[in-house]
Amino acid sequence: MEAAAAAEFLVESPDVVYSPEAIEARYEYRTTRVCREGGGLKVPRLGVMLVGWGGNNGSTLTAAVLANRLRLSWPTRTGRKEANYYGSLTQSGTVSLGLDAEGQEVFVPFCAMLPMVAPNDLVFDGWDISSLNLAEAMRRAQVLDCHLQEQLWPHMEHLRPRPSVYIPEFIAANQSARADNLIPGSRAEQLEQIRKDIQDFRASAGLDKVIVLWTANTERFCEVVPGLNDTAENLLRTIQVGGEVSPSTLFAVASILEGCAFLNGSPQNTLVPGALELASQHRVFVGGDDFKSGQTKVKSVLVDFLIGSGLKTMSIVSYNHLGNNDGQNLSAPQQFRAKEVSKSSVVDDMVHSNPVLYAPGQHPDHCVVIKYVPYVGDSKRALDEYTSELMLGGTNTLVLHNTCEDSLLAAPIMLDLVLLTELCQRVSFSTDADPEPQGFHTVLSLLSFLFKAPLVPPGSPVVNALFRQRSCIENILRACVGLPPQNHMLLEHKMERPYRLAQACGPLAAASPLSCKTQPAAANGCTGDAHGHPQPLAPQMPTA
């Protein structure tokens with residue numbers, strides 16, 4: 001294993017020359033100088049339909065957009081708070097555009113990179129098996145401060161979810177008490193009603209687009225059976241004859257048939273092969289699975305750090321307890337199994353990335369536990385233990401405790417999913433070999449940053465490392481405005497002599513350190529005088 005992992009490789013390129021003494025590479029290093037132009041593009045009027053609108057996540061997202069639109073503030077015991085979109089990549093995250101004339105990085109919000117729908121302009125509707133209006137649902141969720149709830153109440157009490165699909169065998173039995181707002185009839189009749197609801201919302205609200213997002217209960221897995229749900233034709237036939245189809249798959253099919261993107265925020269296998277084929281036939285985006293909000297997001301960063309640092313992580317134990325309705329539903333074994341699968345696969349690509357540490361087929365022990373504790377409500381507790389092997393037989397153990405307000409982390413993720421999906425619907429590209437404009441694959445893997453178990457097109461690698469997922473989104477947005485990918489090199493600040501970009505022309509020649517023989521090594525192993533080394537001037541940026 002070690003010999004294979006350490007095997008030498010050769011780069012076949014006219015820009016690379018090998019000799020016994022050095023490797024000399026000619027590399028085109030590109031930087032960007034920031035410039036701005038006025039004007040902008042019109043964005044569509046976007047509606048969002050939430051399946052599970054009256055749940056904790058749905059009511060919290062609706063409240064957040066209303067609070068921001070109304071510019072609400074409210075007193076708390078630690079001071080006055082104002083509405084914001086903290087936790088949203090598009091609204092609170094930033095992107096480095098490049099360097100200014102002084103060589104300093106210039107950062108802008110993600111949402112400034114390309115024309116995006118403003119979150120305050122979103123229009124909400126949706127379905128729920130509970131008939132509570134959104135104000136009552138907000139109070140039941142116990143997520144928001146009471147002073148904020150009081151201000152939002154008159155704006156939310158007229159919002160009432162449409163009846164939804166309830167199939168008891170797919171969710172925990174403890175959810176039956178909520179189920180008083182149901183679509184009657186056969187599976188085919190339920191499908192048609194969902195389609196009519198989407199049509200009605202689009203027409204009555206004067207919308208250009210609608211995106212449907214599942215934020216309802218975690219369902220048990222639905223077995224993929226040839227002849228049942230393995231193709232689009234079989235899936236549609238199964239719905240017509242009343243065969244086994246999960247509620248979430250019904251909503252996915254209805255959304256696709258209406259030309260609306262569908263996003264699955266829960267861990268079950270909603271997007272069975274038949275649904276994916278149907279989406280491809282109708283050229284409709286689908287994405288999933290399972291919002292990546294708290295413990296799993298931290299895990300995708302920490303394991304990437306540990307393995308990337310050369311530590312061999314061998315044991316990951318994750319424990320959670322929470323008291324909201326999600327926790328109650330997950331207390332049933334079949335629903336917990338769906339969540340366990342989505343939370344456990346998050347480290348796979350990081351393990352596979354390092355054959356020096358892991359032999360083929362070797363994986364860390366990975367255990368996930370979720371318990372329902374009603375008293376803690378939406379304030380989820382997550383405890384994690386990571387044990388890694390060190391050199392010479394040593395071990396290192398990291399233990400984390402994370403208290404996270406579940407719905408306040410999930411709501412901005414839902415917002416980002418909707419805004420990025422809509423943006424992707426307006427992106428097309430072509431290549432020299434294929435000049436006909438095309439869009440993204442219908443399985444929108446660009447959204448992997450926001451999902452625990454990201455769906456990808458068939459044959460595509462699954463990436464779970466959070467930094468790589470974020471870089472993908474950032475660099476695609478940069479490409480849309482003609483900027484080179486962000487490489488984080490800042491090479492002009494790392495060279496021995498000043499590199500004046502204003503005078504530079506053509507690619508930058510860079511040689512391996514093995515070829516630098518003109519200066520003797522200092523006592524500390526560095527080239528030149530360690531105490532009197534001149535500092536390079538700030539790079540001069542081109543003016544045009």
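Helices are DSSP runs of at least four residues, numbered from the N terminus. In the predicted model described here, helix H8 spans residues 247-257 and is mostly covered, with 10 of its 11 residues buried. The buried set comprises Pro 247, Ser 248, Thr 249, Leu 250, Phe 251, Ala 252, Val 253, Ala 254, Ser 255 and Ile 256. Just after H8, the backbone at Gly 259 adopts a positive phi of about 75°.

Positive phi values also occur at residues other than glycine. Arg 71, in the loop between helix H2 (56-69) and strand E4 (73-76), has a phi near 55°, and with a relative accessible area of 75% this residue is exposed. His 488, which is not a glycine either, shows a positive phi of about 60° and belongs to the loop that runs between helix H15 (466-480) and strand E16 (508-511); its relative accessible area of 47% places His 488 among partly exposed residues. A further backbone feature is the cis peptide bond from Gly 288 to Asp 289, for which omega is near -5°, Asp 289 being located in the loop between strand E11 (286-287) and helix H10 (295-308).

With regard to helix packing, the axes of helix H7 (residues 232-241) and helix H9 (residues 273-282) come within 7 Å and cross at roughly 110°. Because angles of 65 to 115 degrees count as roughly perpendicular, H7 and H9 are therefore assigned to that class. The crossing in which H7 passes H9 is left-handed.

Side chains of opposite charge can pair when their charged atoms come close. The structure holds 13 salt bridges, among them one within H7, where Glu 233 pairs with Arg 237 and the closest N and O atoms are 3.3 Å apart. Since these two residues are 4 positions apart in helix H7, about one helical turn separates Glu 233 from Arg 237. Glu 233 counts as exposed, at 57% relative accessibility, whereas Arg 237 is partly exposed, with a relative accessible area of 40%.

A salt bridge is also formed within helix H6 (residues 187-204), in which Arg 195 and Glu 192 lie 3 residues apart, about one turn of the helix; the N to O distance between their side chains is 3.9 Å. Glu 192 is classed as partly exposed on the basis of its 36% relative accessibility. The side chains of Lys 209 and Glu 422 likewise meet in a salt bridge, with an N to O distance of 2.7 Å. Lys 209 belongs to strand E9 (residues 209-214) and Glu 422 to helix H14 (residues 406-424), so this pair ties together parts that are 213 residues apart in sequence. Both Lys 209 and Glu 422 are buried. In addition, a network of salt bridges links Asp 125, Arg 162, Asp 197 and Asp 200.

Finally, a nonpolar patch of about 520 Å² is present on the surface, made by Phe 9, Leu 10, Val 11, Tyr 18 and Ile 23. Of these contributors, Tyr 18 is placed in strand E1 (residues 16-18), and its relative accessibility of 35% means that Tyr 18 counts as partly exposed.

Conventions. Residues numbered from 1 in each chain as written. Predicted model: local features only at pLDDT ≥ 70, side-chain atom pairs only at ≥ 80, totals over all residues. Heavy atoms only, no water. Patch = residues over 30% accessible without salt bridge, like charges linked within 9 Å, V, L, I, M, F, W, Y side chains within 5 Å. Areas by Shrake-Rupley, 256 points an atom, 1.4 Å probe, with all protein chains shown as cover. Salt bridge = Lys/Arg side-chain N within 4 Å of Asp/Glu carboxyl O. Buried < 20%, exposed > 50% of the residue type's maximum accessible area, 1.4 Å probe, protein only. Axes fitted to C-alpha atoms, helices over the stretch in contact; angles between N-to-C directions. Parallel < 35°, antiparallel > 145°, perpendicular 65-115°, else oblique. Left-handed = near helix turned anticlockwise from the far one by under 90°.
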